[in-house]
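Work through the exercises below with the sequence and the model open side by side. Try each task before reading its solution.

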Amino acid sequence: MKFVGIVGTNAEFSYNRLLLTFMEKHFADTAEIEVLEIKDMPFFNETDDQTDSEPVQFFCKKIEEADGVIIATPEHNHSIPSALKSVLEWLSFKVHPFDGKPVMIVGASYDVQGSSRAQLHLRQVLDAPGVNATVMPGNEFLLGRAHEAFDEKGDLTNKGTIDFLESCFRKFMRFTDVANILNLPEDVVFEPGEYTVKALGHNGDLPMVVTLSSDRIESIDIDSSGESVGIADIVFTRIPQEIIEGQTLNVDIISGASVTSHGVIDGVAEAIKLAGSNPDILKKRPKAGSQPKPEEVELSTDVLVIGGGGAGLSAAATALQEGKNVILLEKFPAIGGNTVRTGGPLGAADPQWQNKFAALPGEDSTLEKMLHMDESEIDEEYLADFRILKNQIQDYLAEVDGKDKYLFDSTIWHRIQTYLGGKRTDLQGNVIYGQYDLVKTLTDDAPDAVKWLAEIGVAFDWDKVEMPVGMMWRRGHKPKENQGYAFIAALQKFVEKNGGQIITDTPVKELLIEDGKVVGVIAGGPRNKKVTVHAGAVVLATGGFGANTKMLKQYNTFWSEIDDDIKTSNSPAITGDGIKLGESAGADLVGMGFTQMMPVSDPNTGALFTGLQVPPANFVMVTQEGKRFVNEYESRDKLTQAAIDNGGLFYLIADDEIKKTAMNTNQAKIDKEVAEGILYRADTIEGLAEQIGIEPEILVDSVNKYNSYVDAGEDPEFGKNVFDLKVEVAPFYATPRKPAVHHTMGGLRIDTATHVLTKDGTIIPGLYAAGEVAGGIHAGNRLGGNALADIFTFGRIAGKNAAKNR
Amino acid sequence: MKLIGIVGTNSDQSTNRKLLQFIQKHFADKAEIEICEIKGLPAFNEPKDKTAPAGIQELAEKIEAADGVIISTPEYDHSIPAALKSVIEWLSYSVQPFIDKPVMITGASHGSLGSSRAQAHLRQILDAPELKARIMPSAEFLLGRSLQAFDEEGNLVDREKIAELEDCFEEFVLFVEITNALLKEHHIRKVQNKDFSWK
């Protein structure tokens with residue numbers, strides 16, 4: 001039998017050490033006792049994790065390998081020494097080698113008490129859930145007056161004491177045998193068969209079939225067709241793979257998808273229960289695959305891109321087109337970032353295409369309003385463009401006068417709308433609007449971005465021109481299917497085909513800076529892997545900080561309040577990492593106080609794609625009282641403020657015709673959401689009102705009035721001027737909505753070449769930034785469709801310039 | 001009245017620190033409370049010369065000069081953190097500033113128990129003859145679910161909890177006054193005790 005004996009003090013001289021050494025010698029015939037010293041252990045601090053340090057790992061391994069542990073503790077101030085407590089804290093923090101381990105407590109002290117009170121404290125500590133040792137009851141060996149107990153050779157002199165120690169130790173040997181039976185892996189026997197259970201997905205329960213033979217999990221099949229493509233794929237492949245490989249339920253959850261990960265594990269556990277076995281046994285089994293020593297990897301490349309969303313992938317693709325080597329690091333297990341979550345179209349002015357569509361009622365009055373706008377409201381940089389726009393509008397209106405009107409657009413109209421839409425005043429009275437040269441670059445180059453995306457394989461739907469919430473004009477280019485995933489899938493394919501290296505699960509920890517130039521990064525990988533990448537240029541494409549509530553609150557100067565539990569439509573990966581990295585290289589930040597809320601988010605999850613999300617021409621927004629409260633086409637911040645002013649939660653009311661225009665859903669999904677209570681459906685408006693707790697007369701009145709405005713093409717109450725569907729064909733739908741964080745406008749200061757700039761406007765050599773991580777473009781409010789325009793415009797510029805290192 | 005508040009952990013994030021900061025602010029008109037950190041103090045290792053390092057010496061002087069001490073402890077593995085225990089060992093082994101010093105124990109924990117077991121251990125520890133602190137009896141302040149307990153300004157959210165703390169603190173002020181009045185002429189034993197060792 002093999003034991004380790006832990007000397008419970010770091011003091012140079014200790015009778016407890018002497019006691020353990022005596023035991024080692026005295027019981028050498030019956031057991032092997034290895035005496036371990038704690039003096040090299042680091043001191044515990046939960047905010048300075050040193051679990052991976054050699055001494056902690058050494059102790060962990062020794063204890064895990066031993067059949068049992070003997071701890072000899074002195075008594076300091078009626079308790080155990082801090083040095084021993086510190087060791088136990090390390091061994092209960094991230095690693096738990098004591099779990100189920102048989103432990104015997106002994107102790108020596110100068111006084112007659114023999115560390116009796118320290119031993120009691122030690123028992124209680126070893127009993128704590130993080131430690132969870134199996135401590136032998138009774139048999140307290142307390143060696144009092146220790147300075148008189150040993151002879152010169154270190155042997156105990158009193159025969160009675162030795163007899164008692166022998167008796168205690170014999171009992172401990174038996175106790176160890178018995179206690180370790182509890183630690184033996186239990187056999188599992190399954191009733192073979194296919195078990196249909198449920199796994200929890202993002203959008204609710206998913207059917208899962210677990211196939212079990214009498215002693216093995218053979219296969220796990222999850223029907224994830226109800227999920228948004230791309231987001232959770234990795235969970236549904238990696239977790240089942242690790243469960244089957246290790247025949248264990250002890251698997252690492254996937255960061256950013258913990259709910260879904262647990263959902264799959266719990267589903268398999270349920271199947272095991274149904275098969276008549278105990279899933280806890282499988283939860284105690286070791287993880288799949290061995291745990292190799294932390295690995296160090298060193299790589300070199302021309303261009304390093306940080307972040308695997310749309311901006312990062314287009315930067316990578318462009319740098320590859322320039323003939324350079326490219327590495328892209330993504331901190332999450334899957335690429336896609338926020339882009340994969342988008343359902344909105346890309347905003348770009350392409351008059352040749354848009355002119356083929358008929359104008360909608362109300363669009364001409366929007367244009368006429370521009371003609372009557374006072375020029376003093378326009379900031380100087382934009383004035384020349386504004387005058388050109390007025391000429392363009394006058395020409396257009398003259399041309400279509402008395403004829404069938406077509407849809408107007410121009411890059412300058414896009415630019416002026418971006419500028420006007422982004423101009424805001426914060427709580428402190430600071431006015432902000434988009435930096436002219438950046439907005440010009442965005443609006444001039446966005447049409448090229450669409451062409452470029454089409455060339456690399458994104459299939460756009462040219463038969464429809466879209467205008468989602470907040471876009472202000474119909475200039476949306478939408479992929480034919482799969483929304484945001486269409487961009488990511490096409491770009492990923494292009495990058496990989498052209499030799500770009502995409503490395504996931506690898507968050508960047510710091511930038512390597514030499515003589516003021518950014519020359520690479522240090523990143524961390526799974527299982528403490530260290531990845532160093534040397535690069536000619538580094539592109540930050542890490543997104544904003546929408547999922548970092550602390551940062552949102554720290555910088556906010558726009559909203560009167562940001563809730564601690566505010567939801568976000570963003571990926572949980574979007575935590576401002578690139579902004580911090582940029583700051584470490586001396587970057588300046590712009591417009592950080594301005595955050596966009598998505599007014600139409602799921603009240604429980606912040607997700608955008610539950611319920612019926614369609615162009616606002618097709619639905620009515622009502623308060624919890626059933627009254628309209630806003631022009632459904634208002635900008636996102638006006639909608640958000642209106643929602644906040646009206647109690648936060650509100651409803652989108654629509655009729656059955658809406659299915660034809662709802663880009664995010666299908667009949668099966670609608671039925672499922674109705675069943676789950678995410679969406680409400682009724683055959684009458686009155687019935688719908690009752691379901692959502694609204695007075696039926698009020699809702700009927702609101703709907704009737706709205707329908708009359710659609711007929712009239714004019715909304716005297718809230719000024720809505722673009723209409724499509726009425727609410728008249730049963731069944732009727734109500735989608736509950738609430739504002740959630742959607743986009744952070746502020747970020748690193750950049751120039752039109754995407755160089756990251758310092759406070760005094762100088763370029764930080766080797767560092768580029770594109771997408772939401774950069775600021776200055778959208779200013780106080782971002783138009784719908786402009787995030788995609790931004791990432792695919794500035795992402796490409798960053799890729800090109802980083803490749804040429806100019 | 002001058003008090004010292006000791007943050008019972010070396011962690012960068014601590015709701016016990018927050019609790020002491022709240023106490024400091026909330027009772028500013030009743031007592032001057034200086035908050036002391038134990039982060040960065042060296043681990044106790046029973047040195048032969050029995051000399052405390054500078055940081056411990058400094059803390060000991062502050063405690064000696066104060067009318068009373070508030071210790072706020074988290075709970076690690078059913079007991080007080082090693083970092084706090086180490087400081088107490090240093091103090092008991094060298095300067096012994098706790099002798100006859102009125103002490104109030106508070107504690108905050110992320111779970112619902114509010115560090116109850118750590119507080120019980122801390123009482124027993126401070127009761128050891130080489131420490132001989134005068135711990136306020138029959139009054140404890142346990143703050144459970146401490147991550148949700150404070151608002152943005154660091155104020156306790158729960159009014160009842162504030163009232164409880166106010167009662168506790170009022171009692172401590174009284175306890176400090178009475179204890180210090182009773183023990184005024186009591187310094188001889190303190191001197192005797194200075195020659196302490198675990199040997």
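The exercises concern a predicted model and go from whole chains to single residues.

**Exercise 1. Two chains in outline**

Task: State how many helices and strands chain A and chain B have, and describe the burial, contacts and surface of each chain.

Solution.
1. Start with chain A, whose secondary structure comes to 22 helices and 28 strands.
2. Chain A has 806 residues, and 58% of them are buried.
3. Take the contacts in chain A with a separation of 6 or more: 74% of them are between residues 24 or more positions apart.
4. The accessible surface of chain A is about 32700 Å², with 48% belonging to carbon and sulfur atoms.
5. Chain B has six helices and six strands. Read from the N terminus, its elements follow the order β-α-β-α-β-α-β-α-β-β-α-α.
6. Of the 199 residues in chain B, 55% count as buried.
7. In chain B, 81% of the contacts between residues at least 6 apart in sequence join residues at least 24 apart.
8. Chain B exposes about 8900 Å², and carbon and sulfur atoms supply 50% of that area.

**Exercise 2. A strand and its partners**

Task: Determine why strand β3 of chain A can be called largely enclosed, and find the strands with which it pairs.

Solution.
1. Strand β3 of chain A covers residues 68-72, and five of its five residues are buried, so the strand is largely enclosed by the rest of the structure. The cut-off for buried is under 20% relative accessible area.
2. Check the faces one by one. A:G68, A:I70 and A:A72 are buried on one side, and A:V69 and A:I71 are buried on the other.
3. Look for the pairing with β1(A): β1(A) and β3(A) are parallel and share five bridges. Within this pair, A:V7 has A:A72 as its bridge partner.
4. Then take strand β4 of chain A, residues 102-108, which runs parallel to β3(A) and is joined to it by four bridges. Here A:I71 stands opposite A:I105.

**Exercise 3. An internal cavity**

Task: Locate the second largest cavity and sort its lining residues by class.

Solution.
1. Searching the whole structure for cavities of 30 Å³ or more gives two.
2. The second largest cavity has a volume of about 50 Å³.
3. Its lining consists of A:K2, A:F3, A:V4, A:E32, A:I33, A:E34, A:K62, A:E65 and A:A66.
4. Assign these to elements: β1 (2-7), β2 (32-36) and α2 (54-65) of chain A each give two or more residues to the lining.
5. Sorted by class, the lining has four nonpolar and five charged residues, and no polar ones.

**Exercise 4. Unusual backbone angles**

Task: Find a cis peptide bond in chain A and two residues other than glycine with positive phi in chain B.

Solution.
1. Begin with the background: most residues other than glycine have a negative phi, and most peptide bonds are trans.
2. The bond joining A:A730 and A:P731 is cis, with omega at about -5 degrees. A:P731 is placed in the loop between α21 (696-712) and β25 of chain A.
3. In chain B, B:H78 has a positive phi of about 65 degrees. This residue is in the loop between β3 (68-72) and α3 (82-93), and it counts as buried at 14% relative accessibility.
4. B:S115 also has a positive phi, near 65 degrees. B:S115 is in the loop between β4 (102-108) and α4 (116-126) of chain B; with a relative accessibility of 1%, B:S115 counts as buried.

**Exercise 5. Surroundings of two residues**

Task: Are A:T735 and B:I135 buried or exposed, and which residues do they touch?

Solution.
1. A:T735 is in strand β25 of chain A, residues 732-744.
2. Its relative accessibility is 1%, so A:T735 counts as buried.
3. Leaving out residues up to four places away in sequence, A:T735 touches A:T610, A:G611, A:L612, A:F650, A:Y651, A:L652 and A:L679.
4. B:I135 is in strand β5 of chain B, residues 134-135.
5. B:I135 has a relative accessible area of 15% and is therefore buried.
6. Beyond its neighbours within four places in sequence, B:I135 is in contact with B:V103, B:I105, B:R123, B:L126, B:D127 and B:F175.
7. For one of these contacts, B:I105, the chain separation is 30 residues, and the C-alpha atoms of B:I135 and B:I105 are 7.8 Å apart.

Technical notes:
Residues numbered from 1 in each chain as written. Chains lettered and ligands numbered in written order. Predicted model: local features only at pLDDT ≥ 70, side-chain atom pairs only at ≥ 80, totals over all residues. Heavy atoms only, no water. 1 Å grid on protein atoms, 1.4 Å probe; cavity = no way out; pocket = protein on both sides within 12 Å on 5 of 7 lines; lining within 4 Å. Points joined across faces, edges and corners; volume = space filled by probe spheres on them. Nonpolar A, V, L, I, M, F, W, Y, C, P; charged D, E, K, R; others polar. Buried < 20%, exposed > 50% of the residue type's maximum accessible area, 1.4 Å probe, protein only. Contact = heavy atoms within 4.5 Å. Areas by Shrake-Rupley, 256 points an atom, 1.4 Å probe, with all protein chains shown as cover. Pairing = 2+ DSSP bridges.
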